[in-house]
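Subject: Handing over the structure, with notes

Dear colleague,

Here is the structure I promised to pass on to you. Please open it beside this message, so that you can follow the notes on the chain as you read.

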Amino acid sequence: MASRRVTSLLRTLDSLRGPGNIRAFNSLVSSHTAKWMQDTSKKSPMELINEVPPIKVEGRIVSCEGDINPALGHPIEFICLDLKDPAICKYCGLRYVQHDHHH
C-alpha cells in the first residue's frame with residue numbers, strides 16, 4: 001500500500017518538472033502541509049521536545065550535538081548557562097540548566 005503511494009507521488013512529481021510547473025508543485029506541497037497541520041491527534045515536534053525536562057549539567061558551558069550519533073544530530077552548539085532560566089539549543093530545542101547554580 002505504501003509503495004503504491006510512493007509510486008503515485010513520484011509520477012506526480014515527474015509530471016511537475018519544468019519551469020512553468022513550479023506553482024503546481026508549491027500548491028501540492030502546501031496542500032500536504034495543510035493536511036499535516038490539521039491533524040490535531042498527533043503532537044507537534046515542539047510539543048514533543050517541550051516534554052523533555054531540562055537537562056542538568058555541571059559547569060557553566062554545555063555543548064549540544066542533538067544526538068550521540070553525529071549523523072542524527074546537528075552542528076555542535078556551545079551554550080552558556082549563566083542565567084537562572086534554562087538555556088535552549090537553537091538547533092534542537094533541548095533545554096539545559098546548571099545543576100548547582102551559584103551567583
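The notes below go through the sheet, one residue inside it, the salt bridges, the cysteines and a database annotation.

Before anything else, please keep in mind that this is a predicted model, and that the values quoted here were computed from it.

**The sheet**

A good place to begin is the open sheet, which is formed by three strands in the order β1-β5-β4, with mixed pairing. Its edge strands are β1 and β4, each of which pairs on one side only. The word "mixed" can be followed strand by strand: β1 and β5 run parallel and are joined by three bridges, whereas β4 and β5 run antiparallel and are joined by two bridges. In the parallel pair, Val 57 has Gln 98 in β5 as its bridge partner, and in the antiparallel pair Ala 87 stands opposite Tyr 96 in β5. The strands β4 and β5 also make up a hairpin with six residues between them, and Gly 93 in its turn has a positive phi of about 85 degrees.

Strand β1, which covers residues 55-57, contains Lys 56. This lysine counts as exposed, because its relative accessibility is 59% and the cut-off for exposed is over 50%. Lys 56 and Val 97 are 41 residues apart in sequence, yet their C-alpha atoms are 5.0 Å apart in space. When the neighbours within four places in sequence are left aside, Lys 56 is in contact with Val 97 and His 99.

**A residue inside the sheet**

Is Gln 98, in strand β5, buried or exposed? With a relative accessible area of 14%, Gln 98 is buried, because buried means under 20%. Strand β5 spans residues 95-98, and Gln 98 lies in it. The side chain of Gln 98 reaches the backbone oxygen of Gly 59 at 3.3 Å. Apart from neighbours within four places in sequence, the residues in contact with Gln 98 are Val 57, Gly 59, Arg 60 and Leu 81.

**Salt bridges**

How many salt bridges does the structure hold? There are three, and they can be taken in turn.

One of them brings together the side chains of Lys 43 and Glu 51, at 2.3 Å from N to O. Both residues are partly exposed, with Lys 43 at 45% and Glu 51 at 47% relative accessibility.

Another salt bridge is formed by the side chains of Asp 82 and Arg 60, at 2.7 Å from N to O. Asp 82 lies in the loop between β3 and β4 and Arg 60 in the loop between β1 and β2, so this pair ties together parts that are 22 residues apart in sequence. Asp 82, at 25% relative accessibility, counts as partly exposed, and Arg 60 is partly exposed as well, with a relative accessible area of 48%.

The remaining salt bridge is that of Lys 90 with Glu 77, whose closest N and O atoms are 3.9 Å apart. Since Lys 90 lies in the loop between β4 and β5 and Glu 77 in strand β3, the pair ties together parts that are 13 residues apart in sequence. The two partners differ in their exposure, for Lys 90 is exposed, with a relative accessible area of 62%, while Glu 77 is buried, with a relative accessible area of 17%.

**Cysteines**

The count of disulfides comes to zero. Cys 64 is in no disulfide, and the nearest cysteine sulfur, which belongs to Cys 92, is 3.7 Å away. Cys 89 is likewise in no disulfide, its nearest cysteine sulfur being that of Cys 64, at 3.7 Å. Why do these distances not count? The rule asks for two cysteine sulfur atoms within 2.5 Å, so a separation of 3.7 Å does not meet it. Cys 64 counts as buried at 1% relative accessibility, and Cys 89 counts as buried at 2%.

**The database annotation**

Finally, an unreviewed UniProt entry lists residues 59-96 under "domain: Zinc finger CHCC-type". In the model, the end C-alpha atoms of residues 59-96 lie 11 Å apart, and the span is 0% helix and 32% strand. The name of the domain comes from the record, whereas the distance and the percentages were computed from the model.

With best wishes

Technical notes
Residues are numbered from 1 along each chain as its sequence is written. This is a predicted model: local features need pLDDT of at least 70, side-chain atom pairs count only at pLDDT 80 or more; totals for chains, interfaces and linings use all residues. Side-chain values use heavy atoms; hydrogens and water are left out. Helices (H or I, at least four residues) and strands (E, at least two) are DSSP runs, numbered from the N terminus. Buried means under 20% relative accessible area, exposed over 50%, partly exposed in between (1.4 Å probe, protein chains only). A polar contact is a pair of N or O atoms within 3.5 Å; within protein, one must be able to donate a hydrogen and the other to accept it, and residues adjacent in sequence count only if both atoms are side-chain atoms. Contact means heavy atoms within 4.5 Å. UniProt positions are given in the numbering used here, feature names are shortened, and annotations may be inferred rather than shown by experiment. Two strands pair if DSSP finds at least two bridges between them. A salt bridge is a side-chain nitrogen of Lys or Arg within 4 Å of a carboxyl oxygen of Asp or Glu.
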